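Let's take a friendly look at how charged and aromatic side chains meet in a protein. Have the model open beside you as you read.

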Amino acid sequence: VQLQASGGGLVQAGGSLRLSCAASGSIFMINDMAWYRQAPGTQRELVASITSGGSADYADSVKGRFTISRDNAKNTVYLQMSSLKPEDTAVYYCNAVVKTYINRWWTHYWGQGTQVTVSS
């Protein structure tokens, strides 16, 4: 299973970006999908998660500014980020909990990370 993230970049404070992450491979089923981020010198933190049924949860720091969504037919998760702040600068990683046709137990898979830089 591979997760391919895209959509990062450089944006001014107050701007918007949309991240995408597509899962591919021998996927039998995907449960939760999520976005994490890691700034230099800090631990990776959960930004937002979404269940297969579409229920979303957010870190307090991004509530009201970020929206997570998914397209189950495309095995893709999105993160719409608005009103971006310099403190949102980080590498953003997507995560998916997947059952494959080979291993019928839930396994976490990670994307390669995409850089988001917000300038003040």
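This report walks through salt bridges first and aromatic rings afterwards.

Keep in mind that the model is predicted. The count of salt bridges comes to four, and the table shows some of them.

| Pair | Closest N to O distance |
|---|---|
| Arg37 and Asp88 | 2.9 Å |
| Arg65 and Asp88 | 2.8 Å |
| Lys63 and Asp60 | 3.2 Å |

Start with Arg37 and Asp88, which meet in a salt bridge. Arg37 sits in strand β4 and Asp88 in the loop between β8 and β9, so this pair links parts of the chain 51 residues apart. Arg37 is buried at 7% relative accessible area, and Asp88 is buried at 1%.

Asp88 also forms a salt bridge with Arg65. Arg65 lies in the loop between β6 and β7, so its pairing with Asp88 ties together parts 23 residues apart in sequence. Through shared partners, salt bridges join Arg37, Glu45, Arg65 and Asp88 into one network.

The Lys63 and Asp60 pair has another setting: Lys63 is partly exposed at 47%, while Asp60 is exposed at 67%.

Now for the rings. There are two aromatic pairs. In one of them, Phe28 and Tyr101 have ring centres 5.4 Å apart and planes at 75°, so the pair is edge-to-face. Phe28 belongs to strand β4 and Tyr101 to the loop between β9 and β10, so the pair ties together parts 73 residues apart in sequence. Phe28 is partly exposed at 35%, and Tyr101 is partly exposed at 49%.

Charges meet rings too. Arg104 lies over the face of Phe28, 4.1 Å from the ring centre, and Arg44 lies over the face of Trp110, at 4.7 Å.

Methods: Residues numbered from 1 in each chain as written. Predicted model: local features only at pLDDT ≥ 70, side-chain atom pairs only at ≥ 80, totals over all residues. Heavy atoms only, no water. Phe/Tyr/Trp six-rings, centres within 6.5 Å; stacked < 30°, edge-to-face > 60°. Helix = DSSP H or I, 4+ residues; strand = E, 2+ residues; numbered from the N terminus. Buried < 20%, exposed > 50% of the residue type's maximum accessible area, 1.4 Å probe, protein only. Lys NZ or Arg CZ within 6 Å of the ring centre and 35° of its normal. Salt bridge = Lys/Arg side-chain N within 4 Å of Asp/Glu carboxyl O.
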